[in-house]
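Student: I would like to learn how the words used for a protein model are justified. Could we take them one at a time?

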Amino acid sequence: MTAEREDDRIPDTPLFDRKRALRGYRINKMAMSLSNAANREAFKRDEESYLDRFGLSPEEKAAVKSRNWREMVRLGGNVFFILKISAVDPVRLTEIGAHQAGMDHATFLRDRLGKR
Amino acid sequence: MAKLVGGLGTSHVPSIGAALDKGQRDSPEWKPFFDGYIPGQRWVMDQEPDIAVVIFNDHGNAFFLDKVPTFAVGCAEEYRPIDEGWGPRPIPLFKGAVEFSWHFIDKLVENRFDPMICQEIEVDHGIQVPMELFWGRPAEWPVKVVPIFVNVIQYPIPLPSRCYEMGRVLREAIDTYPSDERVVVLGTGGLSHQLQGARAGFLNPQADQAFLDDIAIDPGKLAAMSREEYVDMFGSEGAELMMWLVMRGAMDAQVVVRHKHYFVPASMTGAGMIVLENKISTAMAA
């Protein structure tokens, strides 16, 4: 499942419009809360109940717990917010990019970012 | 009256700050990027500005989606580095140019801009990184700041032309501010990058280079572009580039490019810098 919608006007580019801002509110609010050190500890201690505190649906919880970035974006997550999950469970931004692009990391670095 | 000494444009990629925090300034990956800023740093040292007006976007740090101001202006005594998830970065807090901020806010409202007014707010890498790129890592910042926050995340984001018009009001505020302070304006963000969707990792060095030319010689063209054109050409987060138009709108029609630098990729971004002076003030100094 891709993060894009049929009415997206720019190919493969999910703009954070009102539909996504509404759809993703809970998931983004949960991620935003990780700007707080005590919340980061609570997330690490018991992720399941932490996600419940923010009323995430089973589908949203599954996406977060499996660190499925593409799915989180499909569910309205915005990378600026969900990136904070990577502060608790370290993942590089380029890995988040590669996952959404559907590429392995090395291919993404080479083909998209021109690294060799 | 206060004097506008120049306009700076720069990327504000968070990895730049992280590279400095990790002592990687002179690593093979980062050295060419940072070295390109040396002329800009020298220019700032020579100009000795007292006030830096910095246009940037908050990246889901000071503002959540519960309240999204299209434009917000800080008028705080100080701005502390915010915790973006990794803890607040160990850099000095920024002192605010409080009087000038309020003067600017007055001018905005008189000119039918109606910004959110912030007396207390923390700031993220959007302002931190540009300040570090031009002023390095001083024990305390030698300039006071005026942060201008632009929403470029949740749609509807403002029109590029609106950013350009806001720059004109900023110039009026500088020209009417009763003080002998020297003001520099920093437009930040971009250049091409995309963090979301299957096109993540999109870069457009050719368009970035053209932007660095056009921001000096043909800003009207950049101001007339639609938001969709920005996203199409520079990527979903490349739309940040419209914030450079606030800086450009504050400058004269005729400018001189003092310095320019482009490096790709910084993390996932085409990174650029420009140093502009008004042509007339350059001629007078000569």
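Student: What makes strand E2 and strand E8 of chain B a pair, and how do they run?

Tutor: In this predicted model, five bridges join E2(B) to strand E8 (residues 182-188) of chain B, and the two run parallel. Since pairing asks for at least two bridges, five are enough for these strands to count as a pair. One example is B:Ile51, whose bridge partner in E8(B) is B:Val183.

Student: Which other strand is joined to E2(B), and by how many bridges?

Tutor: Strand E7 (residues 144-150) of chain B is joined to E2(B) by six bridges, and this pair also runs parallel. Here B:Val53 stands opposite B:Val146.

Student: Why is E2(B) called largely enclosed?

Tutor: Strand E2 covers residues 51-56 of chain B, and six of its six residues are buried, so the rest of the structure largely encloses it. Its side chains can be sorted by direction: B:Ile51, B:Val53 and B:Ile55 point one way, B:Ala52, B:Val54 and B:Phe56 point the other way, and all are buried.

Student: What is the strand order of the sheet, and what makes a strand an edge strand?

Tutor: The sheet is open, has eight strands with mixed pairing, and follows the order E6-E3-E7-E2-E8-E1-E10-E9 in chain B. Strand E6 (116-118) and strand E9 (255-266) of chain B are the edge strands, because each pairs on one side only. Neighbouring strands of the sheet are turned against each other by 15° on average, with direction ignored.

Student: Which helix packs on this sheet, and which strands does the helix touch?

Tutor: Helix H3 (residues 38-47) of chain B packs there, touching strand E1 (3-10), E8, E9 and E10 of chain B, and its direction makes about 140° with that of E9(B).

Student: How do you know that E6(B) pairs with strand E3 of chain B?

Tutor: Three bridges join strand E3 (residues 71-74) of chain B to E6(B), and the cut-off is at least two, so the two strands pair. They run parallel, with B:Ala72 opposite B:Met116 in E6(B).

Student: Why is B:Leu276 called buried?

Tutor: B:Leu276 lies in strand E10 (residues 269-278) of chain B. It has 25 C-beta neighbours inside 10 Å, and a residue is buried at 20 or more, so B:Leu276 counts as buried. Leaving aside residues up to four places away in sequence, B:Leu276 touches several residues, among them B:Gly6, B:Ala216 and B:Met251. B:Gly9 is 267 residues away from B:Leu276 in sequence, yet their C-alpha atoms are 8.3 Å apart.

Student: Why are helices H4 and H6 of chain B called oblique to each other?

Tutor: Helix H4 (residues 98-110) and helix H6 (residues 160-175) of chain B pack at an angle of about 130°, with their axes 9 Å apart. That angle lies above the range of 65 to 115 for roughly perpendicular, but is not over 145 as roughly antiparallel requires, and H4(B) and H6(B) are therefore oblique. The crossing of H4(B) with H6(B) is right-handed.

Student: Which residues meet there, and of what classes are they?

Tutor: B:His103, B:Phe104, B:Lys107 and B:Leu108 in H4(B) meet B:Val169, B:Leu170, B:Glu172 and B:Ala173 in H6(B). By class, this contact has five nonpolar, one polar and two charged residues.

Terms used
Residues are numbered from 1 along each chain as its sequence is written. Chains are lettered from A and ligands numbered from 1 in the order in which they are written. This is a predicted model: local features need pLDDT of at least 70, side-chain atom pairs count only at pLDDT 80 or more; totals for chains, interfaces and linings use all residues. Helices (H or I, at least four residues) and strands (E, at least two) are DSSP runs, numbered from the N terminus. A residue is buried if 20 or more other C-beta atoms lie within 10 Å of its own, exposed if 12 or fewer, and partly exposed in between; C-beta atoms are placed from the backbone. Two residues are in contact if their C-beta atoms, placed from the backbone, lie within 7 Å. Axes are lines fitted to C-alpha atoms, for helices over the stretch in contact, and angles run from 0 to 180 degrees between N-to-C directions. Angles under 35 degrees count as roughly parallel, over 145 as roughly antiparallel, 65 to 115 as roughly perpendicular and the rest as oblique. A crossing is left-handed if the near helix is turned anticlockwise from the far one by less than a right angle, and right-handed if clockwise. Ala, Val, Leu, Ile, Met, Phe, Trp, Tyr, Cys and Pro count as nonpolar, Asp, Glu, Lys and Arg as charged, and the others, Gly among them, as polar.
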